[in-house]
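Student: I should like to learn how to read the features of a structure that is new to me. May we go through one together?

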Amino acid sequence: MASIEKRVGKNGDSYRITVSAGYTKDGKKVKHTKTWTPDPSMSEKKIAKMLQRVAADFERDIELGYQTDNRQTFSEYAHLIEERKAEASDCIADVLLRGGERSQNASPTPKKQA
């Protein structure tokens with residue numbers, strides 16, 4: 001769940017969105033933050049609605065591994081890429097297998113006459 005903090009400044013209000021992503025090996029909490037500034041013409045109700053949407057999108061991005069603050073190490077990034085490549089190759093293999101079975105059972109398509 002994302003935490004939202006309103007910040008009042010000389011240039012208007014902004015909101016700090018914080019998402020926790022577990023703990024490090026040392027036991028420290030991993031936090032990701034994002035600052036969102038609403039358009040000055042937005043109403044309070046519209047700000048609240050949009051803020052919830054931005055927070056949910058940010059939280060989803062963090063859960064999916066899209067770390068916008070680039071605090072991951074190269075080894076963490078390499079591990080993430082290896083996992084995604086393995087998932088992609090599994091999906092491709094499934095499609096090829098299904099496609100091969102389908103082509104054996106499918107009847108030939110009639111050709112259009114000119």
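Tutor: Let us begin with a term that will return later. A residue counts as buried under 20% relative accessible area, as exposed over 50%, and as partly exposed in between. Please keep in mind that this is a predicted model.

Student: How many helices and strands does the protein chain have, and which pattern does the chain follow along the sequence?

Tutor: The protein chain holds 2 helices and 3 strands. Read along the sequence, they follow the pattern β-β-β-α-α.

Student: How should I read the pairing of strand 2 and strand 3?

Tutor: The general idea concerns side chains: in a regular strand they alternate between the two faces of the sheet. In this structure, strand 2 (residues 12-23) pairs with strand 3 (residues 29-36) in the antiparallel sense, over 7 bridges. One of the bridge partners to look for is Lys 29 in strand 3, which is matched with Tyr 23. The two strands form a hairpin with 5 residues between them, and Gly 27 in the turn has a positive phi of about 90 degrees.

Student: Which residues make up the largest nonpolar core?

Tutor: That core has 11 residues, namely Ala 2, Tyr 15, Ile 17, Val 19, Trp 36, Ile 47, Leu 51, Val 54, Ala 55, Phe 58 and Ile 62. Strand 2 and helix 1 each supply at least two residues of this core. Helix 1 gives the most, with 6 residues. Val 54 offers a useful view: leaving aside neighbours within four places in sequence, Val 54 is in contact with Ile 17, Lys 34 and Trp 36.

Student: What share of the protein chain is buried?

Tutor: Buried residues make up 15% of the 114 residues. The protein chain exposes about 9,800 Å², of which carbon and sulfur atoms supply 52%.

Student: How should I read the salt bridges, and how many are there?

Tutor: The general idea is a distance rule: a side-chain nitrogen of Lys or Arg must lie within 4 Å of a carboxyl oxygen of Asp or Glu. By this rule the count comes to 3. One of them joins Glu 5 and Arg 16, whose closest N and O atoms are 2.9 Å apart. Glu 5 lies in strand 1 (residues 3-9) and Arg 16 in strand 2, so the pair ties together parts that are 11 residues apart in sequence.

Student: Are Glu 5 and Arg 16 buried, partly exposed or exposed?

Tutor: Glu 5 counts as partly exposed because its relative accessibility is 37%. Arg 16, at 28%, also counts as partly exposed.

Student: Where else do side chains meet in a salt bridge?

Tutor: Asp 13 and Lys 6 meet in one at 3.4 Å, N to O. Asp 13 is partly exposed at 29% relative accessibility, and Lys 6 is partly exposed at 44%. Arg 60 forms another with Asp 57, the closest N and O atoms being 3.2 Å apart. Arg 60 and Asp 57 both lie in helix 1, 3 residues apart, about one turn of the helix. Arg 60, at 43% relative accessibility, counts as partly exposed, as does Asp 57 at 31%.

Student: Which side chain of opposite charge is nearest to Glu 59, and how far away is it?

Tutor: Arg 60 is the nearest, at 9.2 Å, and Glu 59 is buried yet has no salt bridge. Glu 59 lies in helix 1 (residues 44-63). Not counting residues up to four places away in sequence, Glu 59 touches Met 1, Ala 2 and Val 19.

Terms used: Residues numbered from 1 in each chain as written. Predicted model: local features only at pLDDT ≥ 70, side-chain atom pairs only at ≥ 80, totals over all residues. Heavy atoms only, no water. Pairing = 2+ DSSP bridges. Helix = DSSP H or I, 4+ residues; strand = E, 2+ residues; numbered from the N terminus. Buried < 20%, exposed > 50% of the residue type's maximum accessible area, 1.4 Å probe, protein only. Lys, Arg positive; Asp, Glu negative; His and termini not counted. Contact = heavy atoms within 4.5 Å. Areas by Shrake-Rupley, 256 points an atom, 1.4 Å probe, with all protein chains shown as cover. Core = buried A, V, L, I, M, F, W, Y, C linked by side-chain atoms within 4.5 Å.
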